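Trainee: I've got this model open and I'd like a close look at a single part of it. Could you walk me through the charged contacts there, and then whatever sits around them?

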Amino acid sequence: MRMFGSQKEITANCLIVGGPGAGKTSLLYSYETGKFLNTSLPSELIVERSIEKRGKTLNLRILDTGPVYRILDVAPKLMSAIDVILLCFNVADRGSMETAINVLSYIELHSTDCECCESFCSTKSKVPKLVLVGTKADLRSNQDTLFEMFDSKKTLVSRLEGQSFSESVGADLYHEVSALYHDGVDELFYELHKLFFPSLMERFHAFSRKIDMPFAAL
C-alpha cells in the first residue's frame with residue numbers, strides 16, 4: 001500500500017477470493033462493466049479504479065485469480081502485496097461459507113510472507129483488511145429459489161447470519177451484493193474507501209468495538 005500527501009491518496013491491492021459458485025468473478029465483472037456475466041472467464045480478471053470522497057482518493061487494483069485451484073496456487077504468493085481481501089460466499093448456499101473459511105485458512109497457512117509461514121501472525125508487518133461479501137442476495141426474493149430451498153429443506157443465509165459469520169472470521173466489514181442487478185456493488189467498493197480513510201466518528205466506533213465499550217453502538 002502506497003500513501004501520498006499525508007494520506008490524501010492511497011494505492012491499495014485487493015484480492016477477491018471464494019469457492020466455486022461464490023459469484024466473485026460476476027461481482028468484479030459487474031463492478032467493471034455494470035453488466036451481469038453470463039459465462040465464466042478462463043483467466044484472471046484485474047480491475048483498476050480510483051474512488052474519491054471527501055478530498056481523499058483510493059486507487060484500487062482488484063485481482064480475481066479465477067477458479068479456486070488458481071486461488072490456492074497464486075494467492076499465498078501474493079499476500080505480501082495485498083492490502084485488502086474480499087472473501088465471498090453465496091447466501092443461497094450454506095456450504096459456501098465453509099468453503100470460504102477453508103480458502104482463507106489455506107491462504108493464511110501457506111503464505112510465504114514470513115518465516116513461520118503464517119500470513120497473519122504477529123511478526124507480519126502488514127495485516128490485510130478483510131471484507132466478507134454475501135453474494136447473490138437477490139435470490140432471497142426469487143420465488144423459484146425459495147420453492148427449491150423449501151423442497152430440499154434448506155434455508156438461505158439471512159443478513160443477520162451473514163453478519164455473525166463476518167464477526168466469527170474477524171472481518172472488518174460485511175456487505176451483501178447482487179451482481180445480477182448490480183445492487184450493492186458500487187456501495188461495496190465505496191465502503192472500502194471508508195476502511196482506508198475512516199472519519200473521526202468511524203475511528204471512534206472501531207476503537208469502541210475493540211475494547212467492548214457499552215456505548216459503541218451510539
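Which residue's side chain does arginine 159 meet in a salt bridge?

Mentor: Sure, and keep in mind that this is a predicted model. The partner is glutamate 176: its side chain and that of arginine 159 meet in a salt bridge, at 3.2 Å from N to O. Arginine 159 lies in helix 5 (residues 159-168) and glutamate 176 in strand 7, so the contact ties together parts that are 17 residues apart in sequence.

Now look at what else glutamate 176 touches. Its side chain also meets that of arginine 140 in a salt bridge, this time at 2.7 Å, N to O. That pair links distant parts of the chain too, with the two positions 36 residues apart in numbering: glutamate 176 belongs to strand 7 (residues 173-176), while arginine 140 sits in the loop between strand 6 (129-135) and helix 4 (143-151). Put the contacts together and you have Arg140, Arg159 and Glu176 linked in a network of salt bridges.

The burial of the three is worth checking. Glutamate 176 is buried because its relative accessible area is 7%, under the 20% cut-off for that class. Arginine 140 comes out at 27%, so it counts as partly exposed. Arginine 159 has a relative accessible area of 53%, so it is classed as exposed; the cut-off there is over 50%. So the network joins a buried glutamate to one partly exposed arginine and one exposed arginine.

Next, the strand that carries the glutamate. From strand 7, Tyr174 and Glu176 point one way, Leu173 and His175 point the other way, and all are buried. Strand 7 runs parallel to strand 6, and four bridges join them. For a landmark in that pairing, find leucine 132, which stands opposite tyrosine 174 in strand 7.

Follow the chain past strand 7 and you enter the loop that leads to helix 6 (185-196), where histidine 182 has its place. Check its backbone: histidine 182 has a positive phi of about 60°, although it is not a glycine. Most residues other than glycine have a negative phi. Histidine 182 counts as partly exposed because its relative accessibility is 22%.

There is also a surface feature to look at here. Leu180 and Tyr181 form a nonpolar patch on the surface together with Phe36, and the accessible area of the three is about 320 Å². Phenylalanine 36 comes from another part of the chain, the loop between helix 1 (24-33) and strand 3 (45-53). At a relative accessible area of 33%, phenylalanine 36 is partly exposed.

Since phenylalanine 36 takes us to that loop, have a look at helix 1. Seven of its 10 residues are buried, so helix 1 is largely enclosed by the rest of the structure. The buried set includes Lys24, Leu27, Leu28 and Tyr31. Just after helix 1 comes glycine 34, with a positive phi of about 80°.

For comparison with the network, take another salt bridge. The structure holds six of them, and one joins the side chains of glutamate 48 and arginine 61, at 3.2 Å from N to O. Glutamate 48 is in strand 3 and arginine 61 in strand 4 (residues 56-64), 13 residues apart, and this pair also links distant parts of the chain. Here the glutamate is exposed, because its relative accessible area is 56%, and arginine 61 is partly exposed at 38%. In the loop between strand 3 and strand 4 you'll find arginine 54, which has a positive phi of about 55° although it is not a glycine. Arginine 54 is exposed, with a relative accessible area of 52%.

If you're wondering about covalent cross-links as well, the structure holds zero disulfides. The sulfur of cysteine 14 has its closest cysteine sulfur in cysteine 88, 9.0 Å away, which is too far for a bond. Both positions are buried: cysteine 14 has a relative accessible area of 1%, and cysteine 88 has 0%.

So when you go back to the view, start at glutamate 176, buried at 7%, and pick out Arg140 and Arg159, which are linked with it in the network.

Methods:
Residues numbered from 1 in each chain as written. Predicted model: local features only at pLDDT ≥ 70, side-chain atom pairs only at ≥ 80, totals over all residues. Heavy atoms only, no water. Patch = residues over 30% accessible without salt bridge, like charges linked within 9 Å, V, L, I, M, F, W, Y side chains within 5 Å. Areas by Shrake-Rupley, 256 points an atom, 1.4 Å probe, with all protein chains shown as cover. Salt bridge = Lys/Arg side-chain N within 4 Å of Asp/Glu carboxyl O. Buried < 20%, exposed > 50% of the residue type's maximum accessible area, 1.4 Å probe, protein only. Pairing = 2+ DSSP bridges. Disulfide = S-S within 2.5 Å.
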